[in-house]
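Work through the following exercises with the sequence and the structure open. Each task is followed by a solution in steps.

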Amino acid sequence: MFERMPQAANHAGIPWYKRRDYARILEIMEDRDRLPTTFDKWQGRAEKAERQLRREGRTPHRVHIDPDKFVAWCTATGRNVDAKGRAH
């Protein structure tokens with residue numbers, strides 16, 4: 001009667017940036033040393049991660065991050081502006 005929703009375990013969020021925002025992303029992230037130095041390198045890695053998730057049977061979801069809104073959200077929720085913050 002009711003269609004089952006896919007289980008959340010099959011879904012994965014991937015932080016996604018716009019080219020125009022990438023320089024600002026590198027400025028604000030506390031772990032910028034772990035991020036690729038250029039947007040093109042970051043995009044290549046992110047697309048590779050998407051493909052890997054699909055091969056594993058998972059559904060990747062691009063989660064667009066606005067740099068200034070992200071900083072405000074991290075501050076308001078007591079999170080660091082880093083990978084752990086992006087994961088939330």
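## Exercise 1: a salt bridge between two helices

In this predicted model, the side chains of Asp-68 and Arg-24 form a salt bridge, with an N to O distance of 2.9 Å. Task: find which helices hold Asp-68 and Arg-24, and state how many residues apart the tied parts are in sequence.

Solution.

1. Asp-68 belongs to helix H3 and Arg-24 to helix H1.
2. The pair therefore ties together parts that are 44 residues apart in sequence.
3. Side chains of opposite charge can pair when their charged atoms come close.
4. For accessibility, Asp-68 is partly exposed at 46%, and Arg-24 is partly exposed at 34%.
5. Arg-24 also takes part in a network of salt bridges that links Arg-24, Glu-27 and Asp-68.
6. With neighbours within four places in sequence left aside, Arg-24 has contacts with Pro-67 and Asp-68.
7. By contrast, the C-alpha atoms of Arg-24 and Pro-60 are separated by 24 Å, and these residues are 36 apart along the chain.

## Exercise 2: two further salt bridges

Task: the structure holds six salt bridges. For the pair Arg-86 and Asp-31, decide whether the residues are buried or exposed, then do likewise for Glu-50 and Arg-62.

Solution.

1. Arg-86 and Asp-31 meet through their side chains in a salt bridge of 2.9 Å, N to O.
2. Arg-86 sits in helix H4 (residues 83-87) and Asp-31 in the loop between H1 and H2, so this pair links distant parts of the chain, 55 residues apart.
3. A residue counts as buried under 20% relative accessible area, and both Arg-86 and Asp-31 are buried.
4. The side chains of Glu-50 and Arg-62 also meet in a salt bridge, at 2.9 Å from N to O.
5. Here the link runs from helix H2, which holds Glu-50, to strand S2 (residues 59-64), which holds Arg-62; the two residues are 12 apart.
6. Glu-50 is buried, at 5% relative accessible area, whereas Arg-62 is partly exposed at 43%.

## Exercise 3: buried acids without a salt bridge

Task: for Asp-82 and Asp-21, find which side chain of opposite charge is nearest.

Solution.

1. Asp-82 lies in the loop between H3 and H4.
2. Asp-82 is buried and has no salt bridge; its nearest side chain of opposite charge is Arg-86, 6.1 Å away.
3. A salt bridge needs a side-chain nitrogen of Lys or Arg within 4 Å of a carboxyl oxygen of Asp or Glu.
4. Residues up to four places away in sequence not counted, Asp-82 touches Met-29, Glu-30, Asp-31 and Phe-70.
5. Asp-21 lies in the loop between S1 and H1.
6. Asp-21 is likewise buried without a salt bridge, and the nearest side chain of opposite charge is Arg-20, at 4.1 Å.
7. Setting aside neighbours within four places in sequence, Asp-21 is in contact with Ile-65 and Pro-67.

## Exercise 4: the nonpolar core

Task: which residues of the largest nonpolar core touch the most other members, and which elements give two or more residues to this core?

Solution.

1. The largest nonpolar core has 18 residues, and those that touch the most other members are Tyr-17, Tyr-22, Ile-25, Met-29, Trp-42 and Phe-70.
2. Two or more residues of this core come from each of strand S1 (11-16), helix H1 (22-28), helix H2 (39-55) and helix H3 (67-77).
3. Take Tyr-17: with neighbours within four places in sequence left aside, its contacts are Tyr-22, Ile-25, Met-29, Phe-39, Trp-42, Ile-65 and Arg-86.
4. Arg-86 in that list is the salt-bridge partner of Asp-31.

## Exercise 5: the whole chain

Task: in what order do the helices and strands follow along the sequence, and how many side chains are positive and negative?

Solution.

1. The protein chain contains four helices and two strands.
2. Along the sequence their pattern is β-α-α-β-α-α.
3. The C-alpha atoms fill a box of roughly 50 × 30 × 20 Å along the principal axes.
4. The chain has 88 residues, of which 31% count as buried.
5. Of the contacts between residues at least 6 apart in sequence, 62% join residues at least 24 apart.
6. The accessible surface is about 6500 Å², with 51% belonging to carbon and sulfur atoms.
7. There are 19 positive and 13 negative side chains, and the centres of the two sets are 4 Å apart.

Notes
Residues are numbered from 1 along each chain as its sequence is written. This is a predicted model: local features need pLDDT of at least 70, side-chain atom pairs count only at pLDDT 80 or more; totals for chains, interfaces and linings use all residues. Side-chain values use heavy atoms; hydrogens and water are left out. Buried means under 20% relative accessible area, exposed over 50%, partly exposed in between (1.4 Å probe, protein chains only). Contact means heavy atoms within 4.5 Å. Accessible areas come from the Shrake-Rupley method with a 1.4 Å probe; for residues, only the protein chains shown count as cover. Lys and Arg count as positive and Asp and Glu as negative; His and the chain ends are not counted. The place of a charge is taken as NZ of Lys, CZ of Arg, CG of Asp or CD of Glu. A nonpolar core is a set of buried Ala, Val, Leu, Ile, Met, Phe, Trp, Tyr and Cys residues joined through side-chain atoms within 4.5 Å.
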